[in-house]
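Please look through the two chains shown here before reading my remarks. The points are meant for someone who is new to reading such models.

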Amino acid sequence: MSIVAVSFFVGIVSLTLVITWWASKRTSSASDFYTAGGGLTGWQNGLAIAGDYLSAASFLGIAGAVALFGFDGFFFSIGYLVAYLVVLYIVAEPLRNLGKFTLADMITARFNTAKVRGTAALSTITIVLFYMIAQLVGAGALIQLLLGIDYWIAVLLVGFMMTIYVLFGGMTATSWVQIVKACLLMLGTVIISFLVLKEFGFSISQMFTEMSTATEHGEAYLNPGLRYTDGLDTISMMIALVLGTAGLPHILMRFFTVKDAKTARSSVIWATWIVGLFYVLTIFLGFGAAAFVGTEKILAANPAGNMAAPLLAEALGGDILMSFVSAVAFATILAVVAGLVLSGASALSHDIYGQIIKKGKVSEKEQVLAARIGSITIAVISIVLALGAQTLNVAFLVSLAFCIAGSANLPVIIYTIYWKRFNTTGAISAMLTGLISALILVSVSPNVWNPVEGKAIFVGEPLFMLSNPALVSVPLGFIAGIIGTLLSKENDEKKYREVNVKATTGISVQDVSH
Amino acid sequence: MANQGNNTKVDVVDYDAIAALPSFKALVKRKNGFLWTVTAIFLIAYITLPILTSYTTILHQKVWGDITGVWIYSAGLFIMTWGLCHLYVARANTYDKAAAAIIEEYKQGGGRL
């Protein structure tokens, strides 16, 4: 590794540690720890949402997928972006008006039972762990490639850093690490895209013309079909992407860091512009890598195509740009896993320990202590799982996390806010059915079973043919919510009127004052 | 504290009284009608893309130079996303005003017996 690369890495690590030190002095209450005291502005939270959302799967994964499969790689960019409309139109403002720290807070604003809270916390922790294993395994492999250090050291390094941010700086440190990462990621992406466009004479039309002959696929590169040949599988994946985002706990949690629904709204607008611009640029990253690095070299570095963006940076900007982009990828991973640790800890410490076990009778000091212990617990579990999963192909766990979020969380969120008749039985049925059906269907899917050894986790014929079960599990979650509701006589319209008034007007978000 | 939209502080909130206000019912109807109509539209526009690419080759045709229809459709989805974001903000600002008016009406004694 060169001096330049080392300096970029040390620079980023130092900057994030300074942020954490600064944030630690501002983190004393539970509200500070989980929501940065609710004091973020619209643009700050918008950047932090982008930093929380744009994972290494987005940056390195999509660039590689577009490079290798042309348009088929770009499907992800479209799904990940349009998902923000679901967040904005259906979820963001009611969530802000009803919740406090977690998704379970929002659902229990209507159904205040330990069962509902426990089920919501279980779903959150499941999503967080799957997402985290995928991120950490990816991070380990990537840093191994970028820095030439062993996988287990890389996982421990990332695991250690994320724990430090969350443990000492809580949501304030996590948010600012995400904001810095979003800026660095955009800077890196814009620079590479500019250089790619320059190679094509600053003409989009010229770029497409050259790309139609630049790869071995010829004109087929510019059309769908190189990777996704099964229609139902493609549609199912696209459903998971667009509906999953609005149920992802670490994204939902970000809406509690702003003071009111109006600020939540403006943060989604900021996030949508930044995330959207980034996804447009994934075209340049992918096309550039295909044209100026070449399929062979990309595949040789990493069969999944994850090295496409760093290799492109090297081809166009030399060692300095390559080092910068690698450091940005590192920052990207850190910001995402820190957000995941925090949302996992909130479910474990606030929902399960504070609200269910201690029934809400915990002092401020105990809450913060519990939050810190919860963060360490989530971090240690995911590091151990990631170390064990090194040789497994776990990239599909990211789309599984989206699928569970869309199947288990989204139906309950929507019914809680918009359906008068909905009740406790319906809420638990919807969450458990969505969660369990997604898990079972994936465990018998081609991601887990493949007749060819090494292609999946187990050798054998899959029982269920869709790689992503969203097409089945999302409707199951919604239907189970309806059936569960109708099977129970419970029907508290008075409570719904309260929820509806709060969600619609934002009244009582502030503490009642006397 | 002065009435400032969503930041209103109230002593005790009688939610049933607010929910019974005709102005509140009208706002909920107007707001939810808008949200779900637009949501249905963008979800259909979105899911039409993988349906078209999976079962037809209609988007494989070159539309502008060597740029094929599928890229144009995707660009449309991006523009739609940004456009609908701003449409939402414009509409939500009017809902904010309506909500503030409802809270004010409630504070003046509206809806309570």
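The numbered points below take up confidence, fold, cores and the contact between the chains.

1. This is a predicted model, in which local features need pLDDT of at least 70 and side-chain atom pairs count only at pLDDT 80 or more, while totals for chains, interfaces and linings use all residues. Residues are numbered from 1 along each chain as its sequence is written, and chains are lettered from A and ligands numbered from 1 in the order in which they are written.

2. For the complex, the predictor gives an ipTM of 0.93 and a pTM of 0.92. Chain B averages a pLDDT of 87, and 87% of its residues score at least 70; pLDDT is the predictor's confidence in each residue, from 0 to 100. Over residues 1-10 of chain B the pLDDT is below 50, although this stretch has 21 contacts in the model beyond near neighbours in sequence. Where pLDDT is low, the predicted coordinates should not be read in detail.

3. Chain A has 19 helices and two strands, where helices (H or I, at least four residues) and strands (E, at least two) are DSSP runs numbered from the N terminus. The C-alpha atoms of chain A fill a box of roughly 65 × 50 × 40 Å, taken along the principal axes. Of the 514 residues of chain A, 63% count as buried, which is to say that 20 or more other C-beta atoms, placed from the backbone, lie within 10 Å of the residue's own.

4. The largest nonpolar core, a set of buried Ala, Val, Leu, Ile, Met, Phe, Trp, Tyr and Cys residues joined through C-beta atoms within 7 Å, has 208 residues, and those with the most contacts inside it are A289(A), L312(A), L334(A) and V337(A). Helix α14 (residues 308-357) of chain A gives the most to this core, with 29 residues. Apart from it lies another core, of 10 residues, and among them are V501(A), Y15(B), I18(B) and Y106(B).

5. Where the chains meet, 49 residues of chain B are in contact with 47 residues of chain A, contact meaning that the C-beta atoms of two residues, placed from the backbone, lie within 7 Å. On the side of chain B that touches chain A, α1 (15-20), α2 (22-55), β2 (67-68) and α3 (69-107) of chain B each supply at least two residues, and the largest share, 16 residues, comes from α2(B).

Notes:
Buried ≥ 20, exposed ≤ 12 C-beta atoms within 10 Å, placed from the backbone.
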